[in-house]
Amino acid sequence: MKLALPAFLSSLALAPMAVAAQSLGEPGFEDVPHNSVIALREAATPVAEEIHFFHDFVILPVMVGISLFVLALLIWVVLRYNAKANPVPNTFSHNTLVEVVWTVVPVLILVFIALFSFDLLYLQDRVPDAQVYEYDEGTQRARIPNAEVASRRVTQERHLEVALVDKRSRQKQLLSPEQYDVQGYGEEELVIALADPVPNGQLLRVTGGRSRAGRKPFLGLFGEDESQVIPAPSVTIKAIGFQWGWSYVYPDFGDFEFDALMAPKDSVPSNLYRLATTNDVVVPAGETIRIATVGRDVIHSWAMPAFGIKIDAIPGRYNETWFYTENEGTYYGQCSEMCGLDHAFMPISVRVVSRPEFEAWVNEQAELNGLDPFFDLPNEQLAAAPAPAAAN
Ligand SMILES: [Cu+2]
């Protein structure tokens, strides 16, 4: 969703100076800050979209409303009750009605904010758990195990995403509900029958579960439903903060590890100085990434504005969150917990690439770390997710 309010504010204040920013989804997108723009960085994940919505349509109107109300009261008091206009002041010291009102109204405002913010905190905190199953070309009926726990089971169309995926490019194309029939909602096994068999060179990918994220109609009334089923993480990354840089470990791929330090000033364009690192974190687009953080010496914080992430990296404590983006590109963040002398020099850079590029990168890292390659390249690989027996 486009962010109307910040864009509107920045156009009001700074239109002549605004720099045209490259949009999300364009090839080679770089999430760099631009001069003279006061809007939030473009949201690349459902969580960031929700945060922006919360800021633009919940917090900002409340703040503006309260500020204007208090300003109006001040002006009124100054004009109406100054010594000249009101030479004999009132002598009352209590007014029960006013005191009840100024207690109850702020409580209601806080409850209103809490309704949205609890939702958002839960979304950030709970790692999605929808399961992904893939079936090869020719499949027309797919049997899918439904979650063992009844409360996480697929019980309606909203819990399912059925898509065709190109084997080579990994591009996903959603099927509309008219193109398939589902039996067994709420039962231990689902059967999905396609109108047409999966074409050659494609896979059937079924994502099923209760974790949905993304913009939903406001209060169930306004706007379109852009939410989608979010799969369980397919890649876990451990981010270890240290004075002053980040180490990254990929436990799914033999625990290979590398350091990402700030790229020297003369090695990067000036707008990437203090943002670019010597090694990017590389992740596949269109998959859920679990990010676990820990501190090696003091408390740091792994923050990535475009993903809506800011999570402390604390010595001796395991913190985790997640992100999901379909937009390839390079995203930048910085350590956001004052951690010492060179705190300002420990940037974070994440490069979101296609699945084939990710696999090639993993093999490269494996080789650098003396490990066997994890993926057979350039042969077409089936899923990252395990595909159980496909039935006809
Ligand atoms: Cu720091």
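Is C339 buried or exposed? At 6% relative accessibility, C339 counts as buried, where buried means under 20% relative accessible area, exposed means over 50% and partly exposed is in between (1.4 Å probe, protein chains only). Before going further, keep in mind that this is a predicted model, in which local features need pLDDT of at least 70, side-chain atom pairs count only at pLDDT 80 or more, and totals for chains, interfaces and linings use all residues. Residues are numbered from 1 along each chain as its sequence is written, and side-chain values use heavy atoms, with hydrogens and water left out.

Let's stay with C339 for a moment, since its SG is one of the protein donors of the copper ion. The other donors are C335 (SG) and H343 (ND1), and the three lie 2.0 to 2.6 Å from the metal. Donors here are N, O and S atoms within 2.8 Å of the metal (3.2 Å for Na, K and Ca), and sites may look incomplete because water is not among the atoms. Follow the chain through the site and you'll read the spacing C-x3-C-x3-H. C335 is buried too, at 5% relative accessibility, and H343 counts as buried with a relative accessible area of 16%. As for cysteines pairing up, a search of the whole structure turns up zero disulfides, a disulfide being a pair of cysteine sulfur atoms within 2.5 Å.

Now for the sheets. Helices (H or I, at least four residues) and strands (E, at least two) are DSSP runs numbered from the N terminus, and two strands pair if DSSP finds at least two bridges between them. One open sheet has five strands in the order β13-β12-β11-β15-β18, with mixed pairing. Its edges are β13 (256-260) and β18 (319-324), each pairing on one side only. From one strand to the next, the twist averages 25°; axes are lines fitted to C-alpha atoms, for helices over the stretch in contact, and angles run from 0 to 180 degrees between N-to-C directions. Strand β15 (residues 288-295) pairs with β18 in the antiparallel sense over six bridges, and R290 has W322 in β18 as its bridge partner. Helix α4 (residues 355-368) lies across β11 (235-242), β12 (245-250) and β13, running at about 95° to β13, with contact meaning heavy atoms within 4.5 Å.

Strand β8 (residues 202-208) is worth a look as well: seven of its seven residues are buried. Q202, L204, V206 and G208 point one way, while L203, R205 and T207 point the other. Strand β2 (residues 131-135) pairs with β8 in the antiparallel sense over five bridges, with R205 in β8 as the bridge partner of E134. Strand β4 (residues 160-166) also runs antiparallel to β8, joined by seven bridges, and here E161 has T207 as its partner.

Finally, the helical part. An unreviewed UniProt entry places "domain: Cytochrome oxidase subunit II transmembrane region profile" at residues 32-128; UniProt positions follow the numbering used here, feature names are shortened, and annotations may be inferred rather than shown by experiment. That span is 67% helix and 0% strand, with its end C-alpha atoms 28 Å apart. The unreviewed entry also marks residues 57-79 and 100-123 as "transmembrane region". Residues 57-79 are 100% helix, with end C-alpha atoms 33 Å apart, and residues 100-123 are 100% helix, with ends 35 Å apart.
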